[in-house]
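Got the viewer open? Let's take a short walk through this one, selecting a few things as we go.

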Amino acid sequence: MAILVVAEHDNTDLKDATHKTVTAAAAMGGDVDILVAGTGVKDVMAAAAKIDGVRAVLGVDHVSLTRQLAEAMEAVIVPLMSEYDAILAPDTTAHKNYMPRVAAKLDVMQISSITGVESADTFVRPIYAGNAMATVKSSDSKKVITVRTTAFNAAGEGGSASDKMLADPASPSTSEFVGEELTKSDRPELAAAKIVVSGGRGVGSSENFAIIESLADKLGAAVGASRAAVDAGYVPNDYQVGQTGKSVAPELYIAIGISGAIQHLAGMKDSKIIVAINKDEDAPIFQVADYGLVADLFIAVPELEAAL
Amino acid sequence: MKVLVPVKRVLDYNVKARVKADQSGVDLSNVKMSMNPFDEISVEEAVRLKEAGTATEAVVVSIGPAKAQETIRTALAVGMDRGIHVQTDEDLEPLAIAKILKAIAEEEGAQLVITGKQAIDNDYGATGSMLAALLDWPQGTFANTVETSGDSITVKREVDGGLQTVKLTLPAVVTTDLRLNEPRYARLPDIMKAKKKQIDAKTPADYGVDTAPRLTTVKVTEPAGRSAGIKVESVEALVGKLKTEGVI
Ligand SMILES: Cc1cc2nc3c(=O)[nH]c(=O)nc-3n(C[C@H](O)[C@H](O)[C@H](O)COP(=O)(O)OP(=O)(O)OC[C@H]3O[C@@H](n4cnc5c(N)ncnc54)[C@H](O)[C@@H]3O)c2cc1C
């Protein structure tokens with residue numbers, strides 16, 4: 001069996017989500033190749049070639065792939081799939097965007113956000129915001145899979161895969177990149193951080209969010225948020241943790257002024273240690289918290305920062 | 001421009017899913033069902049396009065059991081013009097749904113299909129992009145803002161790093177994210193009026209689509225439980241615990 005893993009990268013750095021996806025692919029058994037699609041991808045390819053257990057790294061270098069637009073990714077991947085039995089990619093927004101296109105073109109049903117590999121055709125995935133776990137067996141000849149990376153350990157490094165450049169793809173004519181507004185931050189990325197400090201509606205305003213950020217900086221943590229905090233404009237959309245935002249599983253997750261709706265829990269309940277600070281002692285977040293502090297966040301958070 | 005919006009009837013977002021004792025699935029008997037929240041956002045966007053004069057007709061389609069008609073009526077009550085109900089008691093996979101929607105989009109001559117980015121029951125997040133691929137149309141997923149002008153649509157998308165804007169040539173598929181708009185509530189007179197709006201009754205066979213599932217559910221189980229820990233009395237106590245755990 002041959003498996004293709006699509007690399008997560010920003011044209012400069014290879015992301016850890018790739019290593020985790022390789023672990024999921026390796027659990028299916030077979031040869032694992034990595035596809036790096038982007039512009040100026042030499043360094044990313046070299047990094048991918050070091051991942052343990054990888055046979056070959058395929059590179060495709062073209063301006064139309066700089067932002068991995070869905071139509072362009074489909075055009076690159078679908079022809080490649082004649083050589084592969086399965087394709088896996090992290091379930092981040094970049095790959096969630098085009099993987100269903102690949103599946104539809106191959107006439108197979110995508111298996112989204114898997115958290116477990118039972119065999120080469122059977123997988124575990126959360127449904128209903130993680131309130132149930134479904135084990136599904138695919139009868140499709142090829143498997144198209146996105147991987148919930150928080151559920152897999154990163155593959156190690158020490159390999160030396162071969163590399164190969166693919167021909168330039170045709171640029172799609174019906175979609176074009178116009179611009180982007182990326183959230184600038186020196187903090188660790190949410191998905192990869194060891195500690196995440198998240199704020200909710202209880203924080204009250206974007207100005208007040210400074211106390212959350214200040215605590216996060218003291219801990220070297222990433223900052224997250226509930227949907228309510230994002231909707232209210234306290235923080236940008238990419239801070240949202242939950243069923244329909246990002247999934248995180250850090251060593252320590254601190255939820256501040258967050259009630260603990262099922263949609264929020266879906267994105268953080270696999271964290272190792274959960275701390276909740278909330279003034280309502282009946283808030284559902286306390287049902288999943290290892291350590292709960294019933295307190296006014298405006299007093300407790302600065303106190304916590306000072307005590308570190 | 002004609003706009004098509006597919007909607008799905010799902011377990012209400014406020015209800016916690018319960019796994020059946022025989023592990024065959026989630027118990028949906030006697031629980032509140034509602035329109036998938038992302039589909040409410042799609043419907044709202046289509047109605048706004050109509051109100052702005054951009055859309056000439058807004059058609060809502062639901063593929064599901066008899067009760068899916070209620071979901072269609074809900075969309076008609078907030079301003080969709082007409083409904084199509086493709087009745088089936090099977091729980092179709094996104095691939096089969098996308099194939100049926102492709103046939104409908106072609107039959108209707110739709111220029112824009114707006115779907116939710118995911119259904120909150122199976123969480124596949126696949127239908128919109130699958131449909132775009134089957135139609136060979138461009139797509140703007142996870143839409144935060146959309147703007148049409150002439151034969152193109154500009155979509156600002158919610159992505160992991162922030163926001164990304166793409167421009168698509170119509171016809172196109174857009175999938176909605178949470179911040180695209182705030183869906184309105186239906187007013188009573190409109191609910192009454194919606195009862196008179198047309199809903200065409202169809203079946204998957206009318207579209208010649210093979211809906212056989214590709215995935216079989218081996219079992220559905222409860223997630224690994226997490227039990228409540230302890231309440232600490234003070235910030236110092238909390239810091240002490242976290243130091244003992246070795247996480248700070
Ligand atoms: C389709 C759909 C998708 C969704 N996806 C997500 C998702 O991905 N992620 C997500 O988070 N939500 C999601 N939600 C929203 C979710 O249902 C909740 O509405 C949301 O998580 C609530 O956010 P919150 O806890 O910040 O706000 P609230 O529920 O309003 O809770 C605020 C909390 O702050 C506490 N508080 C207030 N003041 C203080 C103070 N001074 N000190 C201490 N505590 C204080 C209150 O006691 C309360 O518990 C989704 C909803 C829908 C319908």
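In which hand of crossing does α3(B) pass α4(B)? Select residues 94-108 of chain B for helix α3 and residues 127-135 of chain B for helix α4. Look along the pair: the crossing is right-handed. Keep in mind that this is a predicted model. The two axes sit 8 Å apart, at an angle of about 50 degrees, which makes α3(B) oblique to α4(B).

Now show the side chains where they touch. From α3(B), pick residues including B:Leu95, B:Ile97, B:Ala98 and B:Leu101; from α4(B), try B:Met130, B:Leu131 and B:Leu134, among others. Colour this contact by class and you get 10 nonpolar, 1 polar and 3 charged residues.

Keep α4(B) on screen and add helix α4 of chain A, residues 93-106. Here the axes come within 7 Å and cross at roughly 50 degrees, so α4(A) is oblique to α4(B). This crossing is right-handed too. Among the residues in contact are A:Asn97, A:Pro100 and A:Ala104 on α4(A), with B:Ser129, B:Ala132 and B:Ala133 on α4(B). Their contact counts 7 nonpolar, 2 polar and 2 charged residues.

Next stop, the inside. The largest nonpolar core has 98 residues, and A:Ile34, A:Leu35, A:Val57 and A:Ile77 are among those with the most contacts inside it. Its largest share, 9 residues, comes from α3(B).

Zoom in on A:Ile77: leaving aside neighbours within four places in sequence, A:Ile77 touches A:Val6, A:Leu35, A:Ile87, A:Tyr98 and A:Val102. Last, select B:Ile72, B:Ile120, B:Leu168 and B:Leu178, which are among the 37 residues of another core lying apart from the largest one.

Technical notes:
Residues numbered from 1 in each chain as written. Chains lettered and ligands numbered in written order. Predicted model: local features only at pLDDT ≥ 70, side-chain atom pairs only at ≥ 80, totals over all residues. Heavy atoms only, no water. Axes fitted to C-alpha atoms, helices over the stretch in contact; angles between N-to-C directions. Helix = DSSP H or I, 4+ residues; strand = E, 2+ residues; numbered from the N terminus. Parallel < 35°, antiparallel > 145°, perpendicular 65-115°, else oblique. Left-handed = near helix turned anticlockwise from the far one by under 90°. Contact = heavy atoms within 4.5 Å. Nonpolar A, V, L, I, M, F, W, Y, C, P; charged D, E, K, R; others polar. Core = buried A, V, L, I, M, F, W, Y, C linked by side-chain atoms within 4.5 Å. Buried < 20%, exposed > 50% of the residue type's maximum accessible area, 1.4 Å probe, protein only.
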